[in-house]
Amino acid sequence: MPGQMFIRFALFQKRLLKGYGFFLMLCLAPLLAAGIRQLSGEAFGIATIALYLPQGDDAAAEISERLLDGGGVLHYLPCGDGETARRMVETGKADAAWIFSEDLSEQIEILARKRRVRPVVTVVERKDSVSLILGREILSSAIYPFFSYAVYAGYVRDELGLMEMTDGELRRVYDSVAVEGNLFQMVYPDGTPGETEDFTYVQAPLRGILAVWFTFAGLAAALCFMRDEEHGVYGRIPLTKRLSASYLSGAVFLLDAAAVLLLSCRLAGVFSDWKREVVSCVVFGACVLAFANLLRMLCRTPGRLGMVFLPLLAAMLALCPVFLNLQYLRAGKLLLPPWYYLQSIHNVHYLYGMAVYTVILVLASAALQWLQSRRS
Amino acid sequence: MRQTAAYFLAQLKRAARLLPGQILVDLAVCVCAGALAWLLIAQGAGAAAGTRYRIGMVGDLSASYLGFGIAALQEMDDSRFMVELVPMSEQEAEEAFQRGELYAVMRVPEGLMESIVYGENDRLITYTAAQGQQGLGTMVMGEITDIASTLVTCSQSAIYGMQRILADQGRGEEIGWETDKLNLALIQMALSRSGFGEVEILGYGDGLSLELYYFCGGILLFLLLSGLLNSAFFVQDNRAFSCFVKARGVSAPWQILGEYLAYLLLVLGGLFSLCLPLMFALEKAVLAVPEWEGMGAAPFVAFLPVLLPAAALFAAMQLFFFEATEGVVNGILVQLICGIGMGYLSGYFYPSAFFPEKMRVLGEALPSGAAARFAQAGVMGKIPGAVWAAVLGWLAVFLGLTMLVRWSRTR
């Protein structure tokens, strides 16, 4: 029996890989993943900021270093003067311009001594937006270290009456006690720290795109089985055993697609660790197989199944966390295999959920198969 | 010629047979997209009306300083308009997070305040903002926590510096009082940090509003992926039939032309059935696009002809994919990965301004990018010659390639 199964498996594989179309289809996913990872190596951001900082100013140099070397979600374009920065906004080359005062250090010191917050930067925007509101927060946090130091220095001299302390002494004491590092740490539900996975928001949707592609590979396998059925390939298999035959042929199809899914995740840079990825992928594969077969049995004809594809794709792109994470329609999400897979990478709860959903789908398919064979 | 016309008519009949089902599916897609748009608008309107992102706070919240900090954030900081911090138990937070009622869960470790007061900062506040891998939202949240960290650690440094100086001066008894004073001054300044910038809004732009950008992007995405919907058109396609038709005098280019025109009519039928509900929604002001506000469906009706070249381009591309991949199954999967991949690179999902320069250039050069530039220029009322050339060039390339593939198959 295992020998026969292997021969059937090998024959199915040979048949699939014989045609260059299937091979091309398999190659496209890793190509897309690797290409986007390659392209995401450059500087980019959710908003482009034209930055003008005066030359030779200590505060400006510190702020510039903080903004330009800090990574983050904004993209900065340093400008030679304020007018150039403003023009970049006017011509649409930048979303906003941050034009710092020429006497930035002096202004901050005066304000810090008075302990007042007043504008030291002109922020020029074409139109207000959420990303620019976040940008202004980033701007404030870039100025704040210099400002808080100036407040400390002013406080020591004015409030503590230590006017004789030099800048050097103040700086030395400050640096000796300076607190650095982040107070927050992003963790996944399984406790894995967020920084263990290093990828940008440009790469982030790739796992979702690949999961949707994988689901459609399952649906394509079901379509393939239907066409084979029409051509009489499974004519010798009784109707009651067709379900297992469709699972076998679909599994062959999905095995190749699963290998490509894992490889593509690795190439895309969104891969976590082997054990977790393989387990999630195996359960996802089983779930997709059961899902596609249930849909096949409900639709009955290749034409009808084909017509389901576009609404299903729309539902997957909208409800699964591929590009956006909608908080509504949980009931709809529960029906879609990619939703479980995308959540299961860092949360074993969804892995169990996906396994339970797979069992439900298999039982529903078996019941439908029984009903359909009784009718015919 | 008569054979070619007969072949075209036969293809047209095939397309017509698929049209009723296709219209039904289009309506289903419209309902899905409409429900999604409505939910997104509801979410946005909720935020505008004061519905804030709820963040569950769990763990050791007993320290009075922490309570003061949370109260200050909720009462005085600018973030109060966006974020609501809700103290709750770990289990309640977990359940609410899984139900999607919380945007994130923050866990405050035991002894956090002592760790901050003594400058050790070895107890980190951990937060979970996504069930799956991090995306754009989580990365933005990371940026916000970086800002909060900077405010706290810089204030700490200033206070410890002042304390060290007082200790070195032998004025240890003043430390408590002076710490409170400096602390309050720094908190006041951190809370009014938005005053560092003087905002000047120019109030004009030559680009599209985000709503119109996504409106165009949504229609183009539908056209780009309509090959999935129309896959039934290619189910009966086989090499023997093409050879037979060729033997009857319809050469490969004419076969492709006949199939293309019939397929294009099918794509246009889909586009039309998508546009009808959109027109209705715009007319009844259910759907609002800032550039067309108060004008009903008239600007959209005027915009519709602009979509025709894009539809022609995508129809040619889909025909090529189905022809080149041999078999409808592979064709569907290639359509899907190419459609989503091209749509992503050309800014149909995230605005292309979010991407690196090279990716943006590639996205614009792709057929999906050419169609997007065409539609966007069409909305603005002026389509440059280069944009016309890009769309027509891609159309010619796909038709030529499809003819070439058919020619080699029927040789």
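This is a stop-by-stop tour of a predicted model with chains A and B.

**Stop 1: chain A as a whole**

Select chain A and colour by secondary structure: 14 helices and 5 strands appear. The radius of gyration of chain A is 30 Å, well over the 21 Å given by the globule rule for 376 residues, so chain A is more spread out than a compact globule. Align the view to the principal axes, and the C-alpha trace of chain A spans about 100 × 45 × 35 Å.

Colour by relative accessibility next: 57% of the 376 residues of chain A count as buried. With a surface drawn, chain A has about 16,300 Å² of accessible area, and carbon and sulfur atoms account for 59% of that. In a contact map of chain A, 71% of the contacts with a separation of 6 or more join residues 24 or more positions apart.

Now show the charged groups of chain A. There are 35 positive and 34 negative charges, and their mean positions lie 21 Å apart.

**Stop 2: chain B as a whole**

Switch the selection to chain B, where 14 helices and 5 strands are found. Of its 411 residues, 52% count as buried. The accessible surface of chain B is about 18,100 Å², with 65% supplied by carbon and sulfur atoms. For contacts in chain B with a separation of 6 or more, the share from residues 24 or more positions apart is 73%.

**Stop 3: the interface**

Show both chains and select the residues in contact across them: 117 come from chain B and 116 from chain A. Together the chains bury about 10,800 Å², and carbon and sulfur atoms give 69% of this area. Then pick Gln133(B), Phe196(B) and Ile337(B), which supply 8% of the area that chain B buries against chain A, more than any other three residues.

**Stop 4: helix α13 of chain A**

Select residues 337–344 of chain A, which form helix α13; 8 of its 8 residues are buried. Among them are Trp339(A), Tyr340(A), Tyr341(A) and Leu342(A). The run of buried residues also includes Pro337(A), Pro338(A), Gln343(A) and Ser344(A).

What covers the buried residues of α13(A)? The cover includes α8 (205–230), α9 (242–268), α10, α11, α12 (330–333) and α14 (348–375) of chain A.

**Stop 5: Val124(A) in strand β4**

Go to Val124(A), in strand β4 of chain A. Is Val124(A) buried or exposed? Its relative accessibility is 0%, so Val124(A) counts as buried.

Leaving aside residues up to four places away in sequence, Val124(A) touches residues of chain A including Arg86(A), Val89(A), Asp95(A), Ala96(A), Ala97(A) and Ile99(A). Show chain B as well, since Val124(A) also touches Glu200(B) and Leu202(B). A distance label between the C-alpha atoms of Val124(A) and Ile99(A) reads 7.9 Å, with these positions 25 residues apart along the chain counted as their separation.

**Stop 6: two arginines with positive phi**

Select Arg115(A), in the loop between α5 (104–114) and β4 (121–125) of chain A. Its phi is near 55 degrees, a positive value in a residue other than glycine. Arg115(A) has a relative accessible area of 24% and is partly exposed.

Finish at Arg300(A), in the loop between α10 (274–299) and α11 (302–319) of chain A. Arg300(A) is not a glycine either, yet its phi is positive, at about 75 degrees.

Note on methods. Residues are numbered from 1 along each chain as its sequence is written. Chains are lettered from A and ligands numbered from 1 in the order in which they are written. This is a predicted model: local features need pLDDT of at least 70, side-chain atom pairs count only at pLDDT 80 or more; totals for chains, interfaces and linings use all residues. Side-chain values use heavy atoms; hydrogens and water are left out. Helices (H or I, at least four residues) and strands (E, at least two) are DSSP runs, numbered from the N terminus. The radius of gyration is taken over C-alpha atoms; the globule rule is 2.2 Å times the number of residues to the power 0.38. Buried means under 20% relative accessible area, exposed over 50%, partly exposed in between (1.4 Å probe, protein chains only). Contact means heavy atoms within 4.5 Å. Accessible areas come from the Shrake-Rupley method with a 1.4 Å probe; for residues, only the protein chains shown count as cover. Lys and Arg count as positive and Asp and Glu as negative; His and the chain ends are not counted. The place of a charge is taken as NZ of Lys, CZ of Arg, CG of Asp or CD of Glu. Buried area is the accessible area (1.4 Å probe) that two parts lose on being put together, summed over both.
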